[in-house]
Amino acid sequence: MRGEQTVPVEALVRDRATGAEHRLLMTARPVFGTDGSVACAVALFRDITAHSRTARAMAAARAGLDARTTEHAAALAAALDELGDRMRWHALHKPGD
C-alpha cells in the first residue's frame with residue numbers, strides 16, 4: 001500500500017470447521033504518521049453474505065418474471081390477432097347482407 005485507498009474486493013471464504021461459506025467485502029486505507037509517511041493500514045472486512053444471497057434471489061426472480069411476461073405478451077398478441085380476425089369476419093358477414 002503506497003498511500004492510496006484500495007478498491008473494494010469481494011472474496012468468498014469457507015469456515016473449515018463448519019464448511020459455511022461467507023462473502024466478504026474487503027477495503028483498506030493507509031494511516032499516515034506525523035511525517036506524512038504511511039504508518040500502518042486499516043483493513044475492513046464486511047460480511048455481505050445475506051446481501052449477496054438476496055441479490056442473487058432477486059435476479060433469479062426477475063429472470064423468471066421476464067420469461068413469464070414474454071410468454072403472456074405472446075399469448076395476448078395471439079388472442080388479439082384472433083379477435084381481429086373474428087371482428088373482420090363478422091364485419092364481412094353481417095346478418096342480412
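Here is a short chat between a trainee and a mentor about this predicted model.

Trainee: Let's start with Ser52. Is Ser52 buried or exposed?

Mentor: Ser52 sits in helix H1, which covers residues 49-92. Buried means under 20% relative accessible area. Ser52 has a relative accessibility of 11%, so Ser52 counts as buried.

Trainee: Which residues does Ser52 contact, leaving aside its neighbours within four places in sequence?

Mentor: One link is a polar contact of 3.4 Å between the side chains of Ser52 and Arg23. Within the helix numbering there's also Arg56, whose side chain has a polar contact of 2.7 Å with that of Ser52, but Arg56 is left out here because neighbours within four places are set aside. With those set aside, Ser52 is in contact with Glu10 and Arg23.

Trainee: And which residues of H1 are buried?

Mentor: Strands E1 (9-14), E2 (21-32) and E3 (38-47) are included in what covers them. Ser52 is one of the set. The full list is Thr49, Ser52 and Gly84.

Trainee: How far apart are the end C-alpha atoms of H1?

Mentor: Work it out from the helix itself: H1 has 44 residues, and at 1.5 Å a residue they should span 64 Å. The model agrees with that, as the end C-alpha atoms are apart by 64 Å.

Trainee: Back to Arg23. Which residue forms a salt bridge with Arg23?

Mentor: Side chains of opposite charge can pair when their charged atoms come close. For Arg23, the closest N and O atoms of the pair are 3.4 Å apart, and the partner is Glu10. Arg23 lies in strand E2 and its partner in strand E1, so the pair ties together parts that are 13 residues apart in sequence. Arg23 is partly exposed at 25%, and so is its partner at 45%, that partner being Glu10.

Trainee: How many salt bridges are there in the whole structure?

Mentor: Among them is Glu21 with Arg14, the closest N and O atoms being 2.3 Å apart. Another joins Arg88 and Asp85 at 2.6 Å, N to O; these two are three residues apart in helix H1, so about one helical turn separates them. A search of the whole structure finds four.

Trainee: Last one: what is the accessible area of the nonpolar patch on the surface?

Mentor: The patch is formed by Leu76, Leu80, Leu83 and Met87. Met87 lies in helix H1 and is exposed, with a relative accessible area of 55%. Together, the four residues of the patch have an accessible area of about 420 Å².

Key: Residues are numbered from 1 along each chain as its sequence is written. This is a predicted model: local features need pLDDT of at least 70, side-chain atom pairs count only at pLDDT 80 or more; totals for chains, interfaces and linings use all residues. Side-chain values use heavy atoms; hydrogens and water are left out. Helices (H or I, at least four residues) and strands (E, at least two) are DSSP runs, numbered from the N terminus. Buried means under 20% relative accessible area, exposed over 50%, partly exposed in between (1.4 Å probe, protein chains only). A polar contact is a pair of N or O atoms within 3.5 Å; within protein, one must be able to donate a hydrogen and the other to accept it, and residues adjacent in sequence count only if both atoms are side-chain atoms. Contact means heavy atoms within 4.5 Å. The expected span of a helix is 1.5 Å times one less than its number of residues. Patches are made of residues with over 30% relative accessible area and no salt bridge: like charges are joined within 9 Å, nonpolar side chains (Val, Leu, Ile, Met, Phe, Trp, Tyr) within 5 Å. Accessible areas come from the Shrake-Rupley method with a 1.4 Å probe; for residues, only the protein chains shown count as cover. A salt bridge is a side-chain nitrogen of Lys or Arg within 4 Å of a carboxyl oxygen of Asp or Glu.
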